[in-house]
Amino acid sequence: MDRIIQTSTEKYLNKLDSNREYHTPVQLLEAGLPDYLVQRIRMELIRNLQDSVKPPASDWANMNAGAVKYALDQFLKAIRDEIRLPSSHAGSVLESALSDILELLVTPRAFLPDYLFGSEQTLDLAQVRERCEWIVVYRYFSSAIPRFMEKKGRDKLTREQADRIIERLDERVTSQYTSLNWGQLFEPWFTLIGESVDPSLFAAFFRDKGKPGVARLFDAEPEPIHRTRLIEILSRPQFYDDDDDLSDIAAFNTREKRP
């Protein structure tokens with residue numbers, strides 16, 4: 001994964017205009033960066049901005065007055081509208097964004113609880129909404145988790161509850177997927193990684209989903225997988241059979257490839 005992150009970082013750095021000292025989100029899109037990558041970069045820029053710009057404090061005025069708070073909110077909004085990525089930080093920001101996105105792409109169930117909660121065990125609804133904005137791929141997670149809390153009337157969400165919600169939601173969303181749906185889901189993989197993807201990443205993805213038999217289908221692939229080969233695998237009737245049967249199919253395929 002580290003090698004993929006490094007290669008992808010270099011690829012997208014090379015797309016940026018080296019003559020610019022700063023890059024706005026619009027300029028990043030124009031340079032050819034995927035919209036979900038730009039959105040993840042934008043979230044990091046906003047966080048860095050918030051860390052560097054603090055509302056003023058003074059004993060000489062009531063800083064909590066409504067007019068003052070409104071003016072400060074408008075000021076901060078105006079600054080957020082002008083966020084930009086300094087070229088000197090482009091490499092580190094891209095690397096951080098790509099690392100998160102690739103982890104989320106490959107092992108969403110395992111990655112998301114830590115991604116949302118960090119070192120905390122409980123989040124309130126406002127925190128959940130804010131942190132779900134960082135989920136820039138598999139967007140069904142970002143909308144469904146806070147909506148679940150609202151529907152159940154929950155003001156707090158524990159890490160353990162989130163883990164169960166993520167697993168059940170993922171199962172419900174993908175259980176009826178066709179080969180076309182899977183192909184669309186995997187498209188960001190090829191955008192970020194390249195025209196072919198190491199089969200071990202697909203295997204890790206399906207193990208994360210609790211489908212070890214499907215994972216072994218990809219373990220049996222001897223070469224990196226391109227889009228056409230992926231659709232061939234996803235179109236097999238056996239792909240949608242019982243997982244225990246798939247382990248036998250994978251073993252058979254492996255034997256067939258031996259000289």
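Is D170 buried or exposed? In this predicted model, D170 counts as buried, since its relative accessibility is 0%, and the residue offers a convenient point of entry, because a cut-off of under 20% relative accessible area is what places a residue in the buried class. Before following D170 further, it helps to set out the frame in which the residue sits.

The chain is built from 14 helices and 6 strands, and its C-alpha trace spans about 80 × 50 × 30 Å along the principal axes. Of its 259 residues, 40% count as buried, and D170, at 0% relative accessibility, belongs to that buried share.

D170 is found in helix α9, and its side chain meets that of K209 in a salt bridge, with an N to O distance of 2.8 Å. K209 lies in the loop between α11 and α12 (212-219) whereas D170 belongs to helix α9, so this pair ties together parts of the chain that are 39 residues apart in sequence. The contact between the two side chains also qualifies as a polar contact, again at 2.8 Å. On the loop side of the pair, K209 is buried as well, with a relative accessible area of 4%, while on the helix side D170 has a relative accessible area of 0%. As a general matter, side chains of opposite charge can pair when their charged atoms come close.

The residue that follows D170 in numbering brings in a further helix. R109 forms a salt bridge with E171, and the closest N and O atoms of this pair are 3.5 Å apart. Here R109 lies in helix α6 (residues 108-117) and E171 in helix α9 (residues 159-174), so the bridge ties together parts that are 62 residues apart in sequence. The two partners do not fall into one accessibility class: R109, at 11% relative accessibility, counts as buried, whereas E171, at 35%, counts as partly exposed. Taken together, R109, D170, E171 and K209 are linked in a network of salt bridges.

The loop that carries K209 leads back to helix α11, which spans residues 199-208 and is mostly covered, with 7 of its 10 residues buried. The buried residues are P199, L201, F202, A203, F205, F206 and D208. At the N-terminal end of α11, D198 acts as a cap, in that one of its side-chain oxygens lies 2.8 Å from the backbone nitrogen of S200. Beyond the other end, α11 is followed by G210, whose phi is positive, near 75 degrees.

A positive phi also occurs at a residue of another kind. Most residues other than glycine have a negative phi. Y138, although it is not a glycine, has a positive phi of about 50 degrees. This residue is found in the loop between α7 (125-132) and α8, and Y138 is buried, with a relative accessible area of 8%.

Helix α8 itself turns attention to the surface. R147, K151, K152 and R172 gather there in a patch of positive charge, and the largest share of this patch, 3 residues, comes from helix α8 (residues 140-152). K151 is one of the patch members and lies in helix α8; with a relative accessible area of 73%, K151 is exposed, in accord with the cut-off of over 50% that defines that class.

The charge pairs described so far belong to a wider set, for the count of salt bridges comes to 15. Another of them is formed by R229 with E232, whose closest N and O atoms are 3.0 Å apart. R229 and E232 are 3 residues apart in helix α13 (residues 227-234), and they are therefore separated by about one helical turn. Of this pair, E232 counts as partly exposed, at 43% relative accessibility.

One last site lies towards the start of the chain. T24 is found in the loop between β1 (22-23) and α2 (25-30), and at 29% relative accessibility T24 counts as partly exposed. The C-alpha atoms of T24 and R42 are separated by 9.0 Å, the two residues being 18 residues apart along the chain.

Terms used. Residues are numbered from 1 along each chain as its sequence is written. This is a predicted model: local features need pLDDT of at least 70, side-chain atom pairs count only at pLDDT 80 or more; totals for chains, interfaces and linings use all residues. Side-chain values use heavy atoms; hydrogens and water are left out. Buried means under 20% relative accessible area, exposed over 50%, partly exposed in between (1.4 Å probe, protein chains only). Helices (H or I, at least four residues) and strands (E, at least two) are DSSP runs, numbered from the N terminus. A polar contact is a pair of N or O atoms within 3.5 Å; within protein, one must be able to donate a hydrogen and the other to accept it, and residues adjacent in sequence count only if both atoms are side-chain atoms. Patches are made of residues with over 30% relative accessible area and no salt bridge: like charges are joined within 9 Å, nonpolar side chains (Val, Leu, Ile, Met, Phe, Trp, Tyr) within 5 Å. Accessible areas come from the Shrake-Rupley method with a 1.4 Å probe; for residues, only the protein chains shown count as cover. A salt bridge is a side-chain nitrogen of Lys or Arg within 4 Å of a carboxyl oxygen of Asp or Glu. Lys and Arg count as positive and Asp and Glu as negative; His and the chain ends are not counted. The place of a charge is taken as NZ of Lys, CZ of Arg, CG of Asp or CD of Glu.
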